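Me: Please take a close look at the aromatic side chains of this structure. I would then like to see how they relate to the helices and sheets around them.

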Amino acid sequence: MTKAFMDRAVSLAALGPAHGPNPRVGCVIALPDAGEGADAILAQGHHKGTGTAHAEADALAQAAAAGISVEGATAYVTLEPCNHTGRTGPCAVALADAGIARVVYAVKDPNPTAAGGAEYLRSRGLEVEFAPHDAAQELNRRWLVAMARQRPYVIAKWASTLDGRTAAADGTSFWITGEEAREHAHQVRAAVDAIIVGTGTVAIDDPELSARPAGVAEPHQPLRLVMGERDTPGAKVWRDANAARVSSRDPSVGLEKAWERECRVVLVEGGATVTSAFLAAGLVDEVHAYIAPAILGEGPSAVSGLGIGTMADALRGRDVTVTRLGVDTLVTAVFTKET
């Protein structure tokens, strides 16, 4: 019974936005001992984004609006109910006050500010069960790493030729990859909180750094964060207030700025100097390498200057995926160090 309702809670959680400071959470409130069918579900909800009701509060509100009592019911939640007041009130208190008798949650909350919900619920006399669920864990994998590290989850992205070149010897780089790969990159941009580039990239390429996925009228636009000491007045990145400057080449300083702006997942798009700095500092959690079936033989590389002199010291990824995107290939790998 627990798995069926938790599966439903995970599917609800996935409806929430991938971007923003909050995790994606779903909640199903069901009658105890009533089987696994839809008839047992009293209410359900999910978190719809920053400033909106959390999943538990959303489900409770729907029950109240329908005149349904949740007294003695069980709440299945994908993440441990929060125990703090932020933009909204604590979900642990709301569940207890509503008369919920039992709470089952799939992932422990690593956020030191919000954690403690399970302990609070037990103090109010509720039965609390921790029931690990792989899909619930994976849905918020990046957010969970960010909370554990207390800094944004970092995705390093580049597009290169088969021989690892990101531009030709004359500096031209439009377009290394084809339309399908570029479309995928825009989908990724729309799901992250910030894009980080260096002042060199801004000065040379003058990129918009906007998310333009096909078929989406008003996609989420990530913060445009520029690192470096060179001034870039009049560049497209400064077209509105959704941009920030970090007058430093230190990746940690850039991540601190992004964290202050409530960014939990950032996309480092380079160029090579910035990307290499993040890799050298051990601050890359995931790599997205778009590879085009082309060879240049000369030109800048995607990464350089890491000071690695032997294969034994090579940075090795795991959980590798390979995706065909038209004539191009996307290789992703996770580099997050185990906690």
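Reply: In this predicted model, a search of the whole structure finds three aromatic pairs. One of them joins phenylalanine 5 and tyrosine 76, with ring centres 5.0 Å apart and planes at 40 degrees, a tilted arrangement. Because phenylalanine 5 belongs to helix α1 (residues 2-13) and tyrosine 76 to strand β3 (residues 74-77), this pair ties together parts that are 71 residues apart in sequence. Phenylalanine 5 has a relative accessible area of 1% and is therefore buried. Tyrosine 76, at 2%, is likewise buried.

Another pair consists of phenylalanine 174 and tryptophan 175, which meet edge-to-face, with 5.1 Å between the centres and 85 degrees between the planes. Here both residues count as exposed: phenylalanine 174 has a relative accessibility of 57%, and tryptophan 175 has one of 56%. Tryptophan 175 has a further partner, since arginine 182 lies over the face of its ring at 4.4 Å from the centre. Another arginine is placed over a tryptophan elsewhere: the charged end of arginine 264 sits 3.9 Å from the ring centre of tryptophan 259, over the ring.

The surroundings of the pair formed by phenylalanine 5 and tyrosine 76 may be taken next. Strand β3 is part of an open sheet of five strands, ordered β2-β1-β3-β4-β5, in which the pairing is mixed. Strands β2 (41-46) and β5 (127-130) are at the edges with a single partner strand each, so one side of each has no neighbour in the sheet. From one strand to the next the twist averages 15 degrees. Strands β1 (residues 26-30) and β2 are joined by five bridges in the antiparallel sense, and alanine 30 has isoleucine 41 of β2 as its bridge partner.

Helix α1, which carries phenylalanine 5, lies across β1, β2, β3 and β4 (102-105) and runs at about 140 degrees to β1. Helix α2 lies across β1, β2 and β3, at about 135 degrees to β2. Alanine 55 is in α2 (residues 55-65) and counts as buried at 0% relative accessibility. Apart from neighbours within four places in sequence, alanine 55 touches Val25, Gly26, Cys27, Gly45, His46 and His47. The C-alpha atom of alanine 55 is separated by 39 Å from that of arginine 249, which is 194 residues away along the chain.

Arginine 182 and tryptophan 259 lead to another sheet. Eight strands make up an open sheet in the order β9-β8-β7-β10-β6-β11-β13-β12, with mixed pairing. Its edge strands, each paired on one side only, are β9 (243-246) and β12 (318-325). Direction ignored, neighbouring strands of the sheet are turned by 20 degrees against each other on average. Helix α7, covering residues 179-189, packs on this sheet and touches β6, β7, β10, β11 (286-291), β12 and β13 (328-334), with its direction at about 160 degrees to that of β11. Helix α9 lies across β6, β7, β8, β9 and β10, running at about 155 degrees to β8. Within the sheet, β7 (residues 194-198) and β8 (residues 223-227) pair in the parallel sense over five bridges. Isoleucine 195 has arginine 224 of β8 as its bridge partner.

Strand β10 (residues 265-270) contains glutamate 269, a residue that counts as buried at 16% relative accessibility. Its side chain makes a polar contact of 2.9 Å with the side chain of arginine 189. Neighbours within four places in sequence aside, the contacts of glutamate 269 are Lys157, Arg189, Ile195, Ile196, Val197, Leu209 and Thr275.

Helix α9 also has a part in covering helix α6. In α6 (residues 141-149), the buried residues include Trp143, Leu144, Val145, Ala146 and Met147. Among the elements that cover the buried residues of α6 are α5 (134-139), β6 (153-160) and α9 (251-260). After α6 comes glutamine 150, with a positive phi near 55 degrees.

Methods:
Residues are numbered from 1 along each chain as its sequence is written. This is a predicted model: local features need pLDDT of at least 70, side-chain atom pairs count only at pLDDT 80 or more; totals for chains, interfaces and linings use all residues. Side-chain values use heavy atoms; hydrogens and water are left out. Buried means under 20% relative accessible area, exposed over 50%, partly exposed in between (1.4 Å probe, protein chains only). Helices (H or I, at least four residues) and strands (E, at least two) are DSSP runs, numbered from the N terminus. Contact means heavy atoms within 4.5 Å. Rings of Phe, Tyr and Trp (its six-membered ring) pair if their centres lie within 6.5 Å; planes under 30 degrees apart count as stacked, over 60 as edge-to-face and the rest as tilted. A charge sits over a ring if NZ of Lys or CZ of Arg is within 6 Å of the ring centre and within 35 degrees of the ring normal. A polar contact is a pair of N or O atoms within 3.5 Å; within protein, one must be able to donate a hydrogen and the other to accept it, and residues adjacent in sequence count only if both atoms are side-chain atoms. Two strands pair if DSSP finds at least two bridges between them. Axes are lines fitted to C-alpha atoms, for helices over the stretch in contact, and angles run from 0 to 180 degrees between N-to-C directions.
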